[in-house]
Structure formats: structure tokens, C-alpha cells
Amino acid sequence: MEFPSYHRDRSDSAALRDDLLEEHWSYMDQYAKEMIARGPTLADDGDTATGSVHIVDLPDPTAARAFAFEEPNYQAGAYRDVLLRRWRNVLGRTMWDFPGGRTGGNRYLVLGFGTGEAVDLTVPDDRDDLIAYGPLLSDDGTTWLGTAVLLRAPDPYAARAILTSARYADVEVHNWQFGGRPS
């Protein structure tokens, strides 16, 4: 079962996150085989972290909650909240398999929150810029709650356009970059 977790930073947590960087990476290293995608979300300046995205393949919701809430930055109070949902990896690959590579172009996390009849369940025809794509689901996988996408796009408006307009109660678009230890 795949689960995206999006830890949103507290506004004053940059120094704390810097202090815990090695602990964070060491914690994530334990999940290297389960990792589908990871990386920080960033403010418009492209440098200031606003959150942290991790998509992992874990046995069940209990394991996903342990992953999200035992993370060192969460334990230290660096995050203001955590979004954790079940997800379906429609592309069937990891971010490391993305043909566009780690750099080049603008990258975004798009989160669409919805209720009712599911939309955007199939991969769009133009999938060359998709890094990760799939529906957000209830813990038991039966109820559609929205869509989570990582993609390369020219700007946030183009990134937002990946989702069917007017079918979501709310859509968030965040600057995002590939994460992990520097090579």
C-alpha cells in the first residue's frame, strides 16, 4: 500500500530542521527500499523549505502512521501538521525512474481535495512531465478523497491544470524538488 505524507513546516522551524538534517536523512535511509518519492516543498524564493513530502510503500495504515509520526522533525515539533493518506501509484514507478531526471524545469506538488464521485483516476495522455500521480484514498482504499501529483511544469498555473477544474473542494500547488542526501 502506498502512502504520501506531507509534513508542513511551522513558520519558525528552519533552524530546527537544519539542526536535525542528518537525523532526518538517517531516518529516511531506513525506508530507502519503500520510498517512491521524497523532497522538500519550497517558498517562492526557491530556497526556504515549507514542508517535506515522502511517498512510501508500506504494509498498512498503522505502519504509515508510524513512519510519519516517528520522523525526527515531527517529534521535535518542526511541523505544524501532517497530511497522511493512502494513495495508488498509477504510474507504477519511483521518482528515480522519472525520465526527466532530478533537475531541469520547475517541479510541483499538486494536492486536490475532493468528495463524491472520483475524478482523475487515469493517467493523463501527456505523461512525460509526471513524476508521481495517483488518487488519495481512505485507509481501506474504498473512498476517493482527492489526487496527489508530483510533476514538472512551466509554472504553478500549468501544474494546477493537471487536475479537472471545478471537481475539487480545494487544490494546493507547492514548489517541490527532488530530495534525499546529496550524491
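The points below go through the cores, the enclosed and open spaces, and a few single residues of this predicted model.

1. The largest nonpolar core holds 19 residues, and those with the most contacts inside it are Ile-55, Trp-87, Leu-109, Leu-111, Ile-131, Leu-150 and Trp-176. Two or more residues of this core come from each of strand E2 (35-42), strand E3 (49-57), strand E6 (106-113), strand E7 (130-137) and strand E8 (144-153). Another core, of 15 residues, lies apart from it, and Val-123, Leu-130, Tyr-133 and Ala-159 are among its members. As background for a new reader, nonpolar side chains in soluble globular proteins tend to be buried together.

2. Leu-109, one of the residues with the most contacts inside the largest core, is in contact, once its neighbours within four places in sequence are left aside, with Tyr-6, Thr-41, Val-53, Val-149, Leu-150, Glu-172, Val-173, His-174 and Trp-176.

3. Val-110 belongs to strand E6 and is buried, because its relative accessible area of 0% falls under 20%. When neighbours within four places in sequence are set aside, the contacts of Val-110 are Thr-147, Ala-148, Val-149, Leu-151, Ala-159, Ile-162, Leu-163, Val-171, Glu-172 and Val-173. The chain also brings the C-alpha atom of Val-110 to a separation of 6.5 Å from that of His-174, although these positions lie 64 residues apart along the chain when counted from one to the other.

4. A search of the whole structure for cavities of 30 Å³ or more finds 1, and the space in the largest cavity comes to about 90 Å³. Its lining is made up of 14 residues, of which Pro-4, Val-53, Leu-109, Leu-111 and Ala-148 are the closest to its centre. At least two lining residues of the largest cavity are supplied by each of strand E1 (2-9), E3, E6, E7 and E8. Leu-109 and Leu-111 are thus named both for their contacts inside the largest core and for their place by the centre of this cavity.

5. The largest pocket has a volume of about 600 Å³. It is lined by 30 residues, and Arg-17, Leu-21, Pro-40, Ala-49 and Gln-177 are the closest to its centre. Helix H1, helix H2 (21-29), E2 and E3 are the elements that give two or more residues to the lining of this pocket.

6. Arg-17, one of the residues closest to the centre of the largest pocket, sits in helix H1 (residues 14-19). Is Arg-17 buried or exposed? Its relative accessibility is 14%, and since this is under 20%, Arg-17 counts as buried. The side chain of Arg-17 makes a polar contact of 2.6 Å with the side chain of Asp-9. Beyond its neighbours within four places in sequence, Arg-17 is in contact with Asp-9, Ala-49, Gly-51, Ser-52, Asn-73, Ala-78 and Tyr-79.

7. The aromatic pairs come to a count of 6. One of them joins Tyr-27 and Tyr-31, whose ring centres are 5.5 Å apart and whose planes stand at 50 degrees, so this pair is tilted. Both partners are buried, Tyr-27 at 8% relative accessibility and Tyr-31 with a relative accessible area of 16%. Ring pairs link Tyr-27, Tyr-31 and Phe-67 into a cluster.

8. Phe-69 and Tyr-74 form an edge-to-face aromatic pair, with 4.9 Å from centre to centre and 70 degrees between the planes. Phe-69 is partly exposed, with a relative accessible area of 29%, and Tyr-74 is likewise partly exposed, at 30%.

Technical notes:
Residues numbered from 1 in each chain as written. Predicted model: local features only at pLDDT ≥ 70, side-chain atom pairs only at ≥ 80, totals over all residues. Heavy atoms only, no water. Phe/Tyr/Trp six-rings, centres within 6.5 Å; stacked < 30°, edge-to-face > 60°. Buried < 20%, exposed > 50% of the residue type's maximum accessible area, 1.4 Å probe, protein only. Helix = DSSP H or I, 4+ residues; strand = E, 2+ residues; numbered from the N terminus. Polar contact = N/O pair within 3.5 Å; in protein donor to acceptor, adjacent residues only side chain to side chain. Contact = heavy atoms within 4.5 Å. Core = buried A, V, L, I, M, F, W, Y, C linked by side-chain atoms within 4.5 Å. 1 Å grid on protein atoms, 1.4 Å probe; cavity = no way out; pocket = protein on both sides within 12 Å on 5 of 7 lines; lining within 4 Å. Points joined across faces, edges and corners; volume = space filled by probe spheres on them.
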